[in-house]
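Hi everyone, thanks for coming. I'd like to walk you through one structure today, so have a look at the picture and then I'll start talking.

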Amino acid sequence: MKFAIMVNEGPYTHQATDSAYQFAKAAIAKGHEVTRVFFYHDGVNNGTRLTVPPQDDRHIVNRWSEIAAQHNIDLVICIAAAQRRGLLDDNEAKRQGKDASNIAPGFRISGLGQLVEAGIQSDRLVVFGD
Amino acid sequence: MSDDMDFEEGGAIKKFMFVNRKAPYGTIYALEGLEVVLISAAFDQDVSLAFVDDGVFQLVKGQKTDGVEMKNFSPTYRALEGYDIEKLYVERESMETRGLTEDDLLVDVQVMSAAEMGDMMAQQDVVISF
């Protein structure tokens, strides 16, 4: 089965992002495909490469980057939600006149159409949030 | 559109339901949820909106937000008709327990019981809740 996932809460604050990751891992282990993870609301904070958790804790951002690289998952951060919350890729940083970008490897910034498209193209869209 | 997803030419229209559960201004869910609804209109899908729990407050007439320095986005619900989004469902129990009647709402809606709402949700292909 082809799954798409939506993550609506920030890392470490809320379990939604952990549950989404564990779901993705379990689905892949069962032979399913996870095509896209769409990050919305505070979920966009899953994609900042400046995250530095304590060494004895899980690294949520790196975990997404790694699973995406291993299984060809499209990690998409909503542009409107990202801009409100200070998350920029190189292009957006330049366009907005900011002196830095902070998007993590494997993530890309795009529009909400990517979420609707994921709903259309996948067999199931699974939403993790409050 | 990403290359790694199969796009079915002329695929069947899917039934999308956006479930609004939160009050309009205490958190950003209602506002960002509405942004998804507006984008979805561009995809020619069968879109409906459900309002349950505190989500029914999103539709209340006469919202004044100057005091909290937030934009009053409630007129957008009136504009949904122009996007061909005309299926607005309100759960009766949520509305009545909050002391509201249909006359308090700023758009025409279909009021239904929790059980009917459940049936409606069961018919959907994609349910996204905010």
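Let me begin with a definition: when I say helix or strand, I mean a DSSP run, H or I over at least four residues for a helix and E over at least two for a strand, numbered from the N terminus. What we have here is a predicted model, so local features need pLDDT of at least 70 and side-chain atom pairs count only at pLDDT 80 or more, while totals for chains, interfaces and linings use all residues. Residues are numbered from 1 along each chain as its sequence is written, and chains are lettered from A and ligands numbered from 1 in the order in which they are written.

With that in hand, here is a residue in a loop. A:Tyr12 sits between β1 and α1 of chain A, and its phi is near 70°, a positive value in a residue other than glycine. Most residues other than glycine have a negative phi. A second case is A:His41, in the loop between β2 (33–39) and α2 of chain A, where phi is near 50° and again positive in a non-glycine residue.

Are these two buried or exposed? The test counts other C-beta atoms within 10 Å of a residue's own, with C-beta atoms placed from the backbone: 20 or more is buried, 12 or fewer is exposed, and in between is partly exposed. A:Tyr12 has 15 such atoms and is therefore partly exposed. A:His41 has 24 and counts as buried.

Now let's step back to the whole of chain A. There are 5 helices and 5 strands, and from the N terminus they run β-α-β-α-β-α-α-β-α-β. The radius of gyration is 14 Å, close to the 14 Å that the globule rule gives for 130 residues, so chain A is as compact as a globular protein of that length. For those who like the formula, the radius is taken over C-alpha atoms, and the rule is 2.2 Å times the number of residues to the power 0.38. The C-alpha trace spans about 45 × 40 × 30 Å along its principal axes, and buried residues make up 47% of the chain's 130 residues.

I also looked at contacts, meaning pairs whose C-beta atoms, placed from the backbone, lie within 7 Å. In chain A, of the contacts with a separation of 6 or more, 75% join residues 24 or more positions apart. A nice example is A:Phe3, in strand β1 (residues 2–7) of chain A. A:Phe3 is buried, with 21 other C-beta atoms within 10 Å. Its C-alpha is 5.5 Å from that of A:Ser122, although 119 residues separate them in sequence. Beyond four places in sequence, the contacts of A:Phe3 include A:Ala27, A:Val34, A:Ser122 and A:Val126.

Next, a pair of helices. Helix α1 (residues 16–29) of chain A packs on helix α2 (residues 60–71) of chain A at about 20°, with the axes 11 Å apart. Angles under 35 degrees count as roughly parallel, and α1(A) and α2(A) are therefore roughly parallel to each other. Residues making this contact include A:Tyr21 and A:Ile28 of α1(A), and A:Arg63 and A:Trp64 of α2(A). One of them, A:Arg63, has 17 C-beta neighbours inside 10 Å and so counts as partly exposed. Apart from neighbours within four places in sequence, A:Arg63 is in contact with A:Tyr21 and A:Arg58.

So what about the partner chain? Chain B has 4 helices and 5 strands, in the order β-α-β-α-β-α-β-α-β from the N terminus. Its radius of gyration is 15 Å, close to the 14 Å of the globule rule for 130 residues, so chain B too is as compact as a globular protein of that length. Buried residues make up 29% of the 130 residues in chain B.

Finally, where do the chains meet? 18 residues of chain A are in contact with 21 residues of chain B. On the chain A side, α3 (79–84), α5 (113–121) and β5 (124–128) each give two or more residues. Which element gives the largest share? That is α5(A), with 7 residues. α5(A) is also mostly covered, as 8 of its 9 residues are buried, among them A:Leu115, A:Val116 and A:Ile120.

Thanks for listening, and I'm happy to chat afterwards.

Key
Two residues are in contact if their C-beta atoms, placed from the backbone, lie within 7 Å. Axes are lines fitted to C-alpha atoms, for helices over the stretch in contact, and angles run from 0 to 180 degrees between N-to-C directions. Angles under 35 degrees count as roughly parallel, over 145 as roughly antiparallel, 65 to 115 as roughly perpendicular and the rest as oblique.
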